[in-house]
Amino acid sequence: MEKIRTLFEQQVGMSDRDWEIFSSKLQTKTFSAKSSILEVGNTENYLSFIQSGMVRYFIPEELDDLTFGFSFEGEFMSAYDAFITRKPSAYTIQSLVPTTLWRIHYDDLQVVYDKSTVGNTIGRFAAEGLFLKKAKRELELLKETAEERYLKLFEERPELIKKVPLKYIASYIGITPQALSRIRKRIS
């Protein structure tokens, strides 16, 4: 829980009272590897902070899932569109390794917004982080080649390459596992 406070305090001043209000609403939940955190069709009720572990976001398909995102330790995660609209999620979130989350329920976050002087800033901080991740991904898909996306992913998140099945990485960068295999051979 201290990681969350440290992260917030880097962005905004937080009084002990504000922290008390916010932290009293946090719940911890641990998921084993390859556990479903949120299924397609369910409403996202939580905004979560990853204390440890990693998750992937994907659209389940009959033949191959379409992986479109990952979140890591020290980051916020949520099916944020479903969280703010209160509508069913169009995708699934799965833990890739044992994952521990600190999370706040939608209703509790509304209380934090109302009772805390920095509540709205905390919400904005989380929302902006999730938005920036999404925008970065979209720009990469539009401007970079698959090889460039793979190399950037390898530079930014070397642990991902070691812990995530290559078929998920291939899907994430928008190519087939066979094409990823060719890229890996070419750059080795």
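**Stop 1: helix α1**

Select Glu 2 and Gln 10 to begin: both are exposed, and they sit on the face of α1 turned away from its buried side. Keep in mind as you go that this is a predicted model. Now turn the helix over. Which residues of α1 are buried? They are Ile 4, Arg 5, Leu 7 and Phe 8. Look down the axis of α1 and you will find these buried residues within an arc of 160°, so they line one face of the helix. To see what covers them, show α2, β3, β6 (76–77), β8 and α5, which are among the elements lying over the buried residues of α1.

**Stop 2: the largest nonpolar core**

Keep Ile 4 and Phe 8 selected, and add Phe 22, Leu 47 and Phe 76. Of the 24 residues in the largest nonpolar core, these five, Ile 4, Phe 8, Phe 22, Leu 47 and Phe 76, touch the most other members. Which elements each supply at least two residues of this core? Colour α1 (2–11), α2 (16–24), β3 (46–52), α3 (80–85), β8 (99–105), α4 (106–115) and α5 (119–143), and you have them. A general point fits here: in soluble globular proteins, nonpolar side chains tend to be buried together.

Next, centre the view on Leu 47 and show its surroundings. Leaving aside neighbours within four places in sequence, Leu 47 is in contact with Phe 76, Met 77, Ser 78, Tyr 80 and Phe 83. The list of contacts for Leu 47 continues with Trp 102, Arg 103, Ile 104, Leu 109, Ala 126 and Leu 130.

There is also a second, separate core, made of 20 residues. Select Leu 96, Leu 160, Val 164 and Ala 179 to find some of its members.

**Stop 3: helix α9 and its neighbours**

Ala 179 leads on to α9, where the buried residues are Ala 179, Leu 180 and Ile 183. Seen down the axis of α9, they fall within an arc of 100°, so they line one face of the helix. These buried residues pack against α6 (146–156) and α8. On the face turned away from the buried side, pick out the exposed residues Gln 178, Arg 182 and Lys 185.

Now show α8 (residues 166–173) together with α9 (residues 177–187). How do their axes meet? They come within 8 Å and cross at roughly 95°. The two helices are therefore roughly perpendicular to each other. For the contact itself, select Leu 166, Lys 167, Ile 169, Ala 170 and Ile 173 of α8, with Pro 177, Leu 180 and Arg 184 of α9. The residues of this contact divide into six nonpolar, no polar and two charged.

**Stop 4: Glu 140**

Go to helix α5 and select Glu 140. Is this residue buried or exposed? Its relative accessibility is 8%, so Glu 140 counts as buried. Leaving aside neighbours within four places in sequence, its contacts are Arg 149, Lys 152 and Tyr 172.

**Stop 5: the loop between α3 and β7**

Move to the loop between α3 and β7 (92–95) and select Lys 87. With 54% relative accessibility, Lys 87 counts as exposed. Beyond its neighbours within four places in sequence, Lys 87 is in contact with Asn 42, Thr 43 and Ala 82. Try a distance as well: the C-alpha atoms of Lys 87 and Ile 59 are separated by 16 Å, with the two residues 28 apart along the chain.

Arg 86 lies in this loop between α3 and β7 too. At 28% relative accessibility, Arg 86 counts as partly exposed. Check its backbone: phi of Arg 86 is positive, about 65°, although the residue is not a glycine. For context, most residues other than glycine have a negative phi.

**Stop 6: Lys 34 and Thr 30**

Lys 34 is another non-glycine residue with a positive phi, near 65°. Find Lys 34 in the loop between β1 (27–31) and β2 (36–38).

Finish in strand β1, where you can select Thr 30. Its relative accessibility of 55% means that Thr 30 counts as exposed. Setting aside neighbours within four places in sequence, which residues is Thr 30 in contact with? They are Thr 99 and Thr 100. As a last distance, draw a line from Thr 30 to Gly 53: their C-alpha atoms are separated by 9.6 Å, and the residues are 23 apart along the chain.

Key: Residues are numbered from 1 along each chain as its sequence is written. This is a predicted model: local features need pLDDT of at least 70, side-chain atom pairs count only at pLDDT 80 or more; totals for chains, interfaces and linings use all residues. Side-chain values use heavy atoms; hydrogens and water are left out. A nonpolar core is a set of buried Ala, Val, Leu, Ile, Met, Phe, Trp, Tyr and Cys residues joined through side-chain atoms within 4.5 Å. Buried means under 20% relative accessible area, exposed over 50%, partly exposed in between (1.4 Å probe, protein chains only). Helices (H or I, at least four residues) and strands (E, at least two) are DSSP runs, numbered from the N terminus. Contact means heavy atoms within 4.5 Å. The arc is that of the directions from the helix axis to the C-beta atoms. Axes are lines fitted to C-alpha atoms, for helices over the stretch in contact, and angles run from 0 to 180 degrees between N-to-C directions. Angles under 35 degrees count as roughly parallel, over 145 as roughly antiparallel, 65 to 115 as roughly perpendicular and the rest as oblique. Ala, Val, Leu, Ile, Met, Phe, Trp, Tyr, Cys and Pro count as nonpolar, Asp, Glu, Lys and Arg as charged, and the others, Gly among them, as polar.
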